[in-house]
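Please open the structure in your viewer and keep the selection panel at hand. The tour moves from one selection to the next, with a short account of what is found at each stop.

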Amino acid sequence: MSDFLLYEQQDHVVTLTMNEPERRNPLTGNTAVPDFLAAIDRIHNDRSVRAVILTGAGTAFSSGGDIRDMERQASGEVSGMQIRQEYRTGIQRLPLALFNLEVPVIAAVNGAAIGAGLDLACMCDIRIASEHAKFAESFVKLGIIPGDGGAWLLPRIIGMSRASEMSFTGDVIGPDLAANWGLVSRVVPADKLLTMANELALRIAANPPHAVRLTKRLLREAMHTRLDTLLEMASAFQAMSHQTDDHKEAVSAFLAKRPPVFKG
């Protein structure tokens with residue numbers, strides 16, 4: 001892992017911190033994408049991880065695309081086909097990787113989440129915001145479009161009308177409106193953000209990890225799958241879940257009126 005993305009684990013919770021505060025944690029023009037992909041692969045392979053927190057160092061969550069990289073793309077020194085390939089092999093790998101990560105991810109949005117930075121937050125399962133957070137789907141302000149999945153993600157979170165308003169105007173919205181629109185679950189004091197994100201992560205991690213992972217998969221699949229198809233998947237997942245040691249422990253603990261101990 002490079003210095004851009006800090007990877008810290010305490011018990012069953014991993015915290016990923018974007019660590020380029022002087023540039024407001026951009027997602028292009030640096031090692032952000034390969035760092036994220038490496039971290040996601042590491043989490044995939046570590047069954048002890050039950051929840052992930054994603055945040056940014058400094059005053060911004062992420063400013064999105066690097067303006068110097070956009071200058072290069074607009075200069076004519078690279079072809080349109082090359083730019084297309086850069087997207088496909090670069091930042092577009094990030095929404096796919098996060099979508100397929102079985103472990104729940106909480107975005108602790110500490111400051112500005114702009115353009116691809118907003119879309120990154122939307123790639124997470126849960127978003128909580130600092131009182132200093134602000135959000136913008138600002139691509140149109142630069143004469144470009146959401147190239148990293150935002151046009152798929154944002155309407156599914158806040159609805160087509162509000163997503164269209166954000167996307168067509170590029171306007172910035174504050175944390176309270178973001179909460180009102182359902183973009184974030186809650187707004188918390190800035191000095192409590194990581195504490196509350198960690199408390200939420202620990203509540204998730206306290207549950208049987210197989211049940212959390214399979215529930216996340218069902219929620220993700222439900223975004224684009226027919227009901228009958230999802231029910232078939234749910235019956236298979238439920239059959240597996242009924243046979244796990246953690247389910248047996250949960251039933252036994254409930255009947256014995258004692259706290260359960262889940263081992264994963």
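Begin with the hairpin of β1 and β2, where two residues lie between the strands and Asp11 takes a positive phi near 55°. The model is a predicted one, and the angles and distances on this tour are values computed from it. Asp11 sits in the loop between β1 and β2, and its relative accessible area of 61% makes it exposed. Most residues other than glycine have a negative phi, and with Asp11 on screen you are looking at a positive value in a residue other than glycine.

Next, select residues 5-10, which form strand β1, together with β2, and you will see the two strands paired in the antiparallel sense over six bridges. To follow one of these bridges, pick Leu5, whose bridge partner in β2 is Met18.

Now keep β2 alone in the selection and look at its side chains. Which residues point one way from β2, and which the other way? Val13, Thr15 and Thr17 take one direction, while Val14, Leu16 and Met18 take the other, and all of them are buried. Since six of the six residues of β2 are buried, the strand is largely enclosed by the rest of the structure.

Add β3 to the view, and a second pairing of β2 appears, this time in the parallel sense and again over six bridges. Here Val14 is a useful residue to select, as its bridge partner in β3 is Val52.

From β2, follow the chain into the loop that leads to α1 (32-44), where two residues deserve a stop. Arg24 is found in this loop between β2 and α1, and it has a positive phi of about 65° although it is not a glycine. Its relative accessibility is 34%, so Arg24 counts as partly exposed.

Pro26 has its place in the loop between β2 and α1 as well, but with 1% relative accessibility it counts as buried. Leaving aside residues up to four places away in sequence, select what Pro26 touches: Phe4, Glu20, Ala32, Ser62, Ser63, Gly64 and Asp66. For a sense of distance across the model, draw a line from the C-alpha of Pro26 to that of Gln243, which lies 217 residues away in sequence and 45 Å away in space.

Move on to helix α9, residues 193-205, whose 13 residues reach 18 Å from the first C-alpha to the last, close to the 18 Å expected at 1.5 Å a residue. Within α9, select Leu193, Ala197, Leu200, Ala201, Ile204 and Ala205, which are buried. These residues cover an arc of only 140° around the axis, which puts them on the same side of α9. What covers the buried residues of α9 includes β2 (13-18), β3 (51-56), β5 (105-109), β7 (126-130), β9 (186-188) and α10 (209-222), so that β2 and β3 from the earlier stops come back into view.

Finally, show the whole protein, which has 12 helices and nine strands. Its radius of gyration is 19 Å, close to the 18 Å that the globule rule gives for 264 residues, so it is as compact as a globular protein of that length. Of those 264 residues, 45% count as buried, and the protein exposes about 13,400 Å², of which carbon and sulfur atoms supply 56%.

Notes. Residues numbered from 1 in each chain as written. Predicted model: local features only at pLDDT ≥ 70, side-chain atom pairs only at ≥ 80, totals over all residues. Heavy atoms only, no water. Helix = DSSP H or I, 4+ residues; strand = E, 2+ residues; numbered from the N terminus. Expected span 1.5 Å × (residues − 1). Buried < 20%, exposed > 50% of the residue type's maximum accessible area, 1.4 Å probe, protein only. Arc of directions from axis to C-beta. Contact = heavy atoms within 4.5 Å. Rg over C-alpha atoms; globule rule 2.2 N^0.38 Å. Areas by Shrake-Rupley, 256 points an atom, 1.4 Å probe, with all protein chains shown as cover. Pairing = 2+ DSSP bridges.
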